[in-house]
Each structure stands twice: as C-alpha cells, then as structure tokens.
Amino acid sequence: MTITASTKIAAILKQNSGALDAIIAVSPKFEKLRNPILRKVMAGRTSLAMAAKVGGCTVEDFFIKLKPLGFEADTATPVGIEEKKVLPAFITSLKKEQIIELDVRPLIASGKDPLSIIVQKVKTIQQGQVLKIINSFEPTPLMALLEKQGFVSYADTIKEDWVETYFYKATVIETPVKDAPAGNSEGWDILVKQFENHIRTIDVRQLEMPGPMMTILESLETLPADTALYVYHKRIPVFLLPELAERKFSYRIKEISDGEVHLLIFNE
C-alpha cells in the first residue's frame, strides 16, 4: 500500500493491523489508539499529517516506522498539500470579527455537560458569523447535528487535547436547534418486561466524551434483532438520538435522578 501525508490511520490499520504498534512507537501520545473505542473515533478521521501535528513528530517518522511492514511512502506529494484541498471556502476568507469563541474544555474537565451552553450560543449566531468551539476532541456528533441545521463545519487539531472546530452559518436555519429533549419513558415497564430475557447491558457513566456515544453505537452494531440494549448513562445523550433514528432504532429514556439516566434501545 502506498501512503501519503493525507492517508488516514484507519486505512493503514485495515491494511495491516500490526501497524498499530508501529504508529504508537512514533510517539507515546498515540497510546490512546490502543483503546478500541477511541481508535474507532480517531483513526477514520485522522491523517498522518494531522497525527504528526498532535504527536509533535513528522510525517517522515511514520514513513520510516511503516516501511518494514510493506508500506511505500509517496514522497513526491508535498506534505500537507492534500489537507489544504479540503479547507472549506469560509475558512480561507475568515475574518476575526466574524468569530464567536467558546472554550468548553474547563466544563468537560469539571465533569459538566457543555451541551446546554453550546446550544444557547448557537442560537445567538447570525448568518455569516462563525462559532469557534475549543475542545479536547473533534465533536463529530455536534458537527453532524449542526450541519443538518445549515452550518458548515471544519475541525483543526492544534495539538493534543486542543481541537478548534468552526461552525459557519451559511444559510438561514429553518428548524431551530433544540435543547436536550425530555425523557420519553412511555411503556418503559412493558418494554423491559418484553425484553426480559433478551437484554444486553452496558454502563457508560464513567467514560469521557465521546466515549459513551461511541460505546453505544459499537454495541448496537452487534445487537441481535430480538435483543434490547440497556444503557446506564449520566445524561440524556442528545447527539445520539438522531443517530438512532437514522439506524432505525427505537428507544425509551427514563430519568432516574440528577446524573442518572437509563436508556432502552431496540430494533423497530
């Protein structure tokens, strides 16, 4: 396989699973890739050029480590050239006065959910303005949600635990962004009884974002049609709900107490 600066880590691992150790050997900052959930989140969206920026190394360092595994480096393609091609137009002409900045890292570090603050900030963004969210990871679910609301998004990894994501209000939003929905527990007891002998249980309360959502989606990939997924969560996972609808899953949410939410997810 021929690799360039823009080759995604997921493609490399798919070609040769042994490449994981080679990539981690480049920088200890890539140890998090050993976690299958985080690997699934990061590898498909991270190119060697992006990884080099996070790891404080060079793309050539990856080429050297991967060569013994049969990978051929395309050194004719200048480093980063393909990355620049995907820059959305609004980024190239962005002016300082257009940017509304929101750093949610302190909230996440304190264990709080930044969603409500983000939603309120989104509601204040005018057409032509850009919301810049500083986070410790690429907020893929938020990007998908806001793109459906008329925003164009772009994420830039500055360094480890520092990702700047830009949301440009390109069009008028016809459907306003809503606050987190209230729990829908209709028929909860009946459904729990119905799936009594066919329930798979997971607890995502101790996982850091975006671990809970990725863990749930990964569990659903192997969920038998006659089985329900019972989830112990800290909050209503508002970004997960559109994903469930797209995958044709139904769900019920039961709010037990502040910081304790149970979900039952099942095939329609």
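**Figure 1. Overall secondary structure of the predicted model.** The protein has 13 helices and 10 strands, and the model shown here is predicted. Of its 268 residues, 44% count as buried. Among contacts between residues at least 6 apart in sequence, 70% join residues at least 24 apart. The views that follow visit a helix pair, some buried and partly exposed residues, and several charged pairs.

**Figure 2. Helix 2 and its surroundings.** Helix 2 spans residues 19–26. Six of its eight residues are buried, so helix 2 is largely enclosed by the rest of the structure. To find the buried positions in this view, look for Ala-19, Leu-20, Ala-22, Ile-23, Ile-24 and Val-26.

**Figure 3. Helix 2 packed with helix 5.** Here helix 2 meets helix 5, which covers residues 59–66. The two axes lie 9 Å apart and pack at an angle of about 140°. Angles over 145 degrees would count as roughly antiparallel and those from 65 to 115 as roughly perpendicular, and helix 2 and helix 5 are therefore oblique to each other. The crossing of helix 2 past helix 5 is right-handed. On the helix 2 side, the contact is made by Ala-19, Ala-22, Ile-23, Ala-25 and Val-26, while helix 5 contributes Asp-61, Phe-62, Lys-65 and Leu-66. Sorted by class, this contact has seven nonpolar residues, two charged ones and no polar ones.

**Figure 4. Ala-51 in helix 4.** Ala-51 sits in helix 4, which runs over residues 48–55. Its relative accessibility is 2%, so Ala-51 counts as buried. Leaving aside neighbours within four places in sequence, Ala-51 is in contact with Ile-9, Phe-30, Thr-46 and Phe-62. Of these partners, Phe-62 may be familiar from the previous view, where it is part of the helix 5 side of the contact with helix 2. Phe-30 is 21 residues from Ala-51 along the chain, and their C-alpha atoms are separated by 8.5 Å.

**Figure 5. Ile-108 in helix 8.** Helix 8 takes in residues 105–109, and Ile-108 is one of them. With 22% relative accessibility, Ile-108 counts as partly exposed, because the cut-off for buried is under 20%. Not counting residues up to four places away in sequence, Ile-108 touches Pro-114, Asn-135 and Phe-137. The view can also be extended to Glu-208, which is 100 residues from Ile-108 in sequence. In space, the C-alpha atoms of Ile-108 and Glu-208 are 8.5 Å apart.

**Figure 6. Asn-135 in strand 4.** Moving on to one of the partners of Ile-108, this view centres on Asn-135 in strand 4. Asn-135 counts as buried because its relative accessibility is 5%. Beyond its neighbours within four places in sequence, Asn-135 is in contact with Val-104, Arg-105 and Ile-108. Asp-161, Trp-162 and Val-163 are also among its contacts.

**Figure 7. A salt bridge between strand 3 and strand 4.** Glu-101 forms a salt bridge with Lys-132, and their closest N and O atoms are 3.5 Å apart. Glu-101 belongs to strand 3 (residues 99–103) and Lys-132 to strand 4 (residues 130–135), so the pair ties together parts that are 31 residues apart in sequence. Are the two partners buried or exposed? Glu-101 is partly exposed at 49% relative accessibility, whereas Lys-132, at 13%, counts as buried.

**Figure 8. The salt bridge of Asp-103 and Arg-105.** Side chains of opposite charge can pair when their charged atoms come close. In this pair, the closest N and O atoms of Asp-103 and Arg-105 are 2.7 Å apart. Asp-103 counts as partly exposed, at 32% relative accessibility. Arg-105 is also partly exposed, with a relative accessible area of 26%.

**Figure 9. Arg-34, Glu-31 and the salt-bridge count.** The side chains of Arg-34 and Glu-31 meet in a salt bridge, with 3.0 Å from N to O. Arg-34 is partly exposed at 41% relative accessibility, and Glu-31 is partly exposed at 39%. To put these close-ups in context, the salt bridges come to eight.

Methods: Residues are numbered from 1 along each chain as its sequence is written. This is a predicted model: local features need pLDDT of at least 70, side-chain atom pairs count only at pLDDT 80 or more; totals for chains, interfaces and linings use all residues. Side-chain values use heavy atoms; hydrogens and water are left out. A salt bridge is a side-chain nitrogen of Lys or Arg within 4 Å of a carboxyl oxygen of Asp or Glu. Buried means under 20% relative accessible area, exposed over 50%, partly exposed in between (1.4 Å probe, protein chains only). Helices (H or I, at least four residues) and strands (E, at least two) are DSSP runs, numbered from the N terminus. Contact means heavy atoms within 4.5 Å. Axes are lines fitted to C-alpha atoms, for helices over the stretch in contact, and angles run from 0 to 180 degrees between N-to-C directions. Angles under 35 degrees count as roughly parallel, over 145 as roughly antiparallel, 65 to 115 as roughly perpendicular and the rest as oblique. A crossing is left-handed if the near helix is turned anticlockwise from the far one by less than a right angle, and right-handed if clockwise. Ala, Val, Leu, Ile, Met, Phe, Trp, Tyr, Cys and Pro count as nonpolar, Asp, Glu, Lys and Arg as charged, and the others, Gly among them, as polar.
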